[in-house]
Amino acid sequence: MSSLTHFDAQGQAHMVDVGAKPATHRIAVAEGRITMQPATLAIIQSGTAKKGDVLGIARIAGIMAAKKTSDLIPLCHPLALTRVAVDFESLLDVSAVRCVATVETVGPTGVEMEALTAVQVALLTVYDMCKAVDKSMVMEGVSVVAKRGGKSGSFGT
């Protein structure tokens with residue numbers, strides 16, 4: 001395993017210099033899910049939540065979060081994102097909503113953090129919009145499932 005890139009020779013945190021790296025098309029896909037009571041999932045699916053369209057608002061929150069990742073994660077580079085897609089799937093068998101975020105850019109560094117941030121904030125938004133009826137919801141399994149582009153090549157499906 002290579003050394004951590006966010007530390008200099010003296011062990012001090014720094015923002016990695018990506019100025020000499022070539023701009024390439026980069027894609028990252030992250031996913032996660034929020035489990036809940038079956039009645040909560042039914043409210044989300046029926047569109048009867050008192051705060052409105054839960055998944056529609058969560059989608060916008062995830063997109064906004066991807067765009068603001070460098071404001072939230074101290075050593076992330078601000079990136080010009082070319083695409084952010086946030087999609088949801090109801091998982092009836094486990095009473096959960098799965099979130100998948102796909103983020104793309106053409107640049108010198110990857111977009112894994114942006115995809116992860118999009119998923120986390122989208123799931124937090126689902127929690128926020130449904131907490132009045134279900135405080136037992138659990139966010140879990142947030143991970144990068146695929147990335148393409150850059151020197152390190154592809155990962156995942």
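This passage describes the sheet, the helix across it and the largest pocket of a predicted model.

The strands form an open sheet of five. Their order is β2-β3-β1-β4-β5, and the pairing is antiparallel. Two strands sit at the edges: β2, residues 81-91, and β5, residues 155-156. Each of these edge strands pairs on one side only. Strand β1 spans residues 24-35 and runs antiparallel to β4. Eight bridges join β1 and β4. Within β4, R148 stands opposite I27.

Helix α4 lies across four strands of the sheet, namely β1, β2, β3 and β4. Of these, β3 covers residues 96-107. The helix runs at about 25° to β1.

The largest pocket holds about 620 Å³ of space. Its lining comprises 22 residues. Closest to the pocket centre are T5, K21, T109, G110 and E112. Two elements, α4 (112-130) and β4 (138-148), each supply at least two residues of the lining. The largest share comes from α4, with three residues. By class, the lining has eight nonpolar residues, seven polar residues and seven charged residues.

Sheet and pocket thus share elements. Helix α4 lies across β1, β2, β3 and β4, and α4 also contributes three residues to the pocket lining. Strand β4 is joined to β1 by eight bridges and likewise supplies at least two lining residues.

Methods
Residues numbered from 1 in each chain as written. Predicted model: local features only at pLDDT ≥ 70, side-chain atom pairs only at ≥ 80, totals over all residues. Heavy atoms only, no water. 1 Å grid on protein atoms, 1.4 Å probe; cavity = no way out; pocket = protein on both sides within 12 Å on 5 of 7 lines; lining within 4 Å. Points joined across faces, edges and corners; volume = space filled by probe spheres on them. Nonpolar A, V, L, I, M, F, W, Y, C, P; charged D, E, K, R; others polar. Pairing = 2+ DSSP bridges. Contact = heavy atoms within 4.5 Å. Axes fitted to C-alpha atoms, helices over the stretch in contact; angles between N-to-C directions.
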